[in-house]
Amino acid sequence: MGCDRNCGLIAGAVIGAVLAVFGGILMPVGDMLIEKTIKKQVVLEDGTIAFQNWVKTGTEIYRQFWIFDVQNPQEVVVNSSRIKVKQRGPYTYRVRYLAKENITHDSENHTVSFVQPNGAIFEPSLSVGTENDTLTVLNLAVAAAPHLYPNAFVQVLLNSLIKKSKSSMFQRRTVRELLWGYNDPFLSLVPYPIVTTLGVFYPYNNTVDGVYTVFSGKDNVNQVAIIDTYKGKRNLSYWPSYCDMINGTDAASFPPFVEKTRVLRFFSSDVCRSIYAVFGAEINLKGIPVYRFILPSMAFASPLQNPDNHCFCTEKIISKNCTSYGVLDIGKCKGGKPVYISLPHFLHASPDIGEPIEGLSPNEDEHSTYLDVEPITGFTLRFAKRLQINILVKPAKKIDTLKGLKRNYIVPILWLNETGTIGDEKAEKFRKQVTGKINLLGLVEIILLSVGVVMFVAFMISYCACRSMKVK
């Protein structure tokens with residue numbers, strides 16, 4: 001009986017050791033299987049999860065607009081007063097609902113080329129009013145005229161056309177006109193052929209966002225979805241090499257196995273530049289652990305604070321010798337128009353930028369940009385892209401409606417919040433196909449290892465106790 005008992009204890013200890021060893025072996029094997037599966041599924045080729053979601057996103061994406069309604073236009077024109085604004089919004093549109101087109105695979109270079117059609121559908125239920133709401137906003141044509149035509153003689157001619165069209169520094173426009181385009185009365189009088197339709201996002205509907213070429217990740221998963229080339233409607237070649245570089249992805253996804261130390265770079269055609277995000281926090285999104293990456297204030301810093309922004313400082317006066325921060329001049333890719341981008345309400349901008357404007361309330365929670373990225377696959381499951389469009393207005397002695405100005409204004413026109421969140425159905429599917437399997441495998445590994453260790457220790461203690469009693 002003593003021998004049988006000892007043999008049983010030894011057998012139990014052996015079984016425990018085997019389970020522990022098997023659990024330990026299963027861990028790296030399981031990790032290898034997970035890595036192999038993920039690397040296969042994130043490649044942009046027919047049949048993968050990544051490609052299916054990449055061609056046409058199943059997530060509803062909305063672009064909300066808040067427009068700055070000017071309260072004291074005449075005071076500004078006559079007395080060069082601070083501009084009092086009141087934001088109106090949101091006016092919400094559904095965007096990115098169209099599938100990518102002209103998808104072409106290059107098996108030799110492992111790239112995929114495509115175009116992204118643009119379209120915007122107004123969503124009344126998510127808006128404060130209709131597209132016909134009328135607001136007082138900056139006159140885009142009048143504000144841009146002295147920048148595009150600095151010659152004094154030409155400005156005298158333009159001034160006569162501005163007066164004849166009864167245009168001023170400010171104008172009344174509907175939401176639809178301001179966003180998507182209107183026929184400008186001043187430009188319509190110009191005696192030579194020019195584009196007379198203006199709008200902050202004109203043209204947009206029924207256009208395509210250039211031709212993108214991205215790496216498929218077939219030969220190198222660390223390059224998946226990274227943009228190789230971009231041939232867009234906006235000319236980026238005016239800037240020096242760094243500002244002209246197309247870095248990163250389109251932000252819909254990133255190479256897999258994202259670490260907190262990684263800087264996520266992505267290109268936005270809206271702002272004609274690549275930008276980046278850094279780790280901010282760990283978030284639980286519908287049962288899926290994600291990393292939140294945020295757009296840092298350094299992305300809009302002055303060249304003195306961030307040398308990478310040196311080529312966005314194109315003059316010395318407005319930027320106070322390149323010491324002002326919080327806005328970036330993107331006029332050179334907007335045909336010379338005095339367009340500046342910033343975070344909403346001049347968040348993280350130097351005080352001199354917002355001083356001429358009254359009615360702004362920058363708020364980190366409402367006005368910052370972030371991406372919630374699932375770290376294993378690199379998929380962006382939720383995002384909020386927030387940007388403000390501004391126009392620089394300077395005094396112009398030859399243009400009556402601008403000659404009374406005694407200061408420069410960077411006038412906020414509107415800010416946008418483009419958002420998208422993985423739907424409940426897709427989140428459940430993602431949990432089952434990705435996180436659920438990974439968690440289950442991890443649980444099995446831990447159980448086997450734990451049970452094996454406990455069994456081994458328990459049986460060895462019993463065996464030693466039994467041997468001790470036998471000796472006595």
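The exercises below, each with a worked solution, concern a predicted model.

**Exercise 1. Describe the surroundings of Thr 92, and decide whether this residue is buried or exposed.**

Step one is to place the residue in the chain: Thr 92 belongs to strand β2, which covers residues 83–95.

Step two is to look at accessibility. A residue is called buried when its relative accessible area is under 20%, and because Thr 92 has a relative accessibility of 1%, Thr 92 counts as buried.

Step three is to list what surrounds the residue. When neighbours within four places in sequence are left aside, Thr 92 is in contact with Tyr 62, Arg 63 and Gln 64, and also with Ile 121, Phe 122, Glu 123, Leu 126 and Ser 127. One of these, Glu 123, is 31 residues away in sequence, yet the C-alpha atoms of Thr 92 and Glu 123 are 5.5 Å apart in space. Another, Leu 126, offers its backbone oxygen, which the side chain of Thr 92 reaches at 2.7 Å.

**Exercise 2. Explain how Asn 139 is connected to helix α4, and why α4 can be called largely enclosed.**

Begin with the position: Asn 139 sits in the loop between β6 and α4, the helix of residues 140–148. With a relative accessible area of 3%, Asn 139 is buried.

Next, follow its side chain towards the helix. A side-chain oxygen of Asn 139 lies 3.2 Å from the backbone nitrogen of Ala 141, and in this way Asn 139 caps the N-terminal end of α4.

Then look at other partners of the same residue. A polar atom of the Asn 139 side chain is 3.3 Å from the backbone oxygen of Ser 168. Not counting residues up to four places away in sequence, Asn 139 touches Ser 167, Ser 168, Met 169, Phe 170, Gln 171 and Asp 184.

Finally, turn to the helix itself, where seven of the nine residues are buried, so α4 is largely enclosed by the rest of the structure. The buried residues are Leu 140, Ala 141, Val 142, Ala 143, Ala 144, Ala 145 and Pro 146.

**Exercise 3. Work out how strands β6 and β7 are arranged, and how many residues of β7 are buried.**

The pairing comes at the start: strand β6, residues 134–138, is joined to β7 by five bridges, and the two strands run antiparallel. Within this pairing, Val 137 stands opposite Gln 171 of β7.

The covering comes next: strand β7 spans residues 170–174, and four of its five residues are buried, which leaves the strand mostly covered.

**Exercise 4. Identify the residues with the most contacts inside the largest nonpolar core, and say which strand supplies its largest share.**

A general tendency helps to set the scene: in soluble globular proteins, nonpolar side chains tend to be buried together.

In this model the largest nonpolar core has 89 residues, and those with the most contacts inside it are Ile 83, Tyr 93, Leu 138, Met 169, Phe 186, Phe 300 and Leu 414. Its largest share, seven residues, is supplied by strand β20, residues 409–421. Apart from this core lies another, of 27 residues, which includes Val 55, Phe 114, Ala 225 and Leu 381.

To see the surroundings of one central member, take Phe 186: leaving aside neighbours within four places in sequence, Phe 186 is in contact with Ala 141, Val 142, Ala 145, Leu 158, Leu 161, Ile 162, Ser 165 and Ser 167.

**Exercise 5. Find how many cavities of 30 Å³ or more the structure holds, and describe the lining of the largest cavity.**

A search of the whole structure gives four cavities of 30 Å³ or more. The largest cavity has a volume of about 170 Å³. It is lined by 18 residues, and those closest to its centre are Phe 312, Cys 313, Ser 319, Ser 324 and Val 327. Strand β15, residues 327–329, contributes three residues, the largest share of this lining.

**Exercise 6. State which backbone features mark Pro 90, Pro 203 and Ala 225.**

For Pro 90, which is found in strand β2, the peptide bond from Gly 89 is cis, with omega near 10 degrees. For Pro 203, in the loop between β9 and β10, the peptide bond from Tyr 202 is cis, with omega near -10 degrees.

Ala 225 lies in the loop between β10 and β11, and its phi is near 70 degrees, a positive value in a residue other than glycine. Ala 225 is also buried, with a relative accessible area of 4%.

Methods. Residues numbered from 1 in each chain as written. Predicted model: local features only at pLDDT ≥ 70, side-chain atom pairs only at ≥ 80, totals over all residues. Heavy atoms only, no water. Buried < 20%, exposed > 50% of the residue type's maximum accessible area, 1.4 Å probe, protein only. Contact = heavy atoms within 4.5 Å. Polar contact = N/O pair within 3.5 Å; in protein donor to acceptor, adjacent residues only side chain to side chain. Core = buried A, V, L, I, M, F, W, Y, C linked by side-chain atoms within 4.5 Å. Pairing = 2+ DSSP bridges. 1 Å grid on protein atoms, 1.4 Å probe; cavity = no way out; pocket = protein on both sides within 12 Å on 5 of 7 lines; lining within 4 Å. Points joined across faces, edges and corners; volume = space filled by probe spheres on them.
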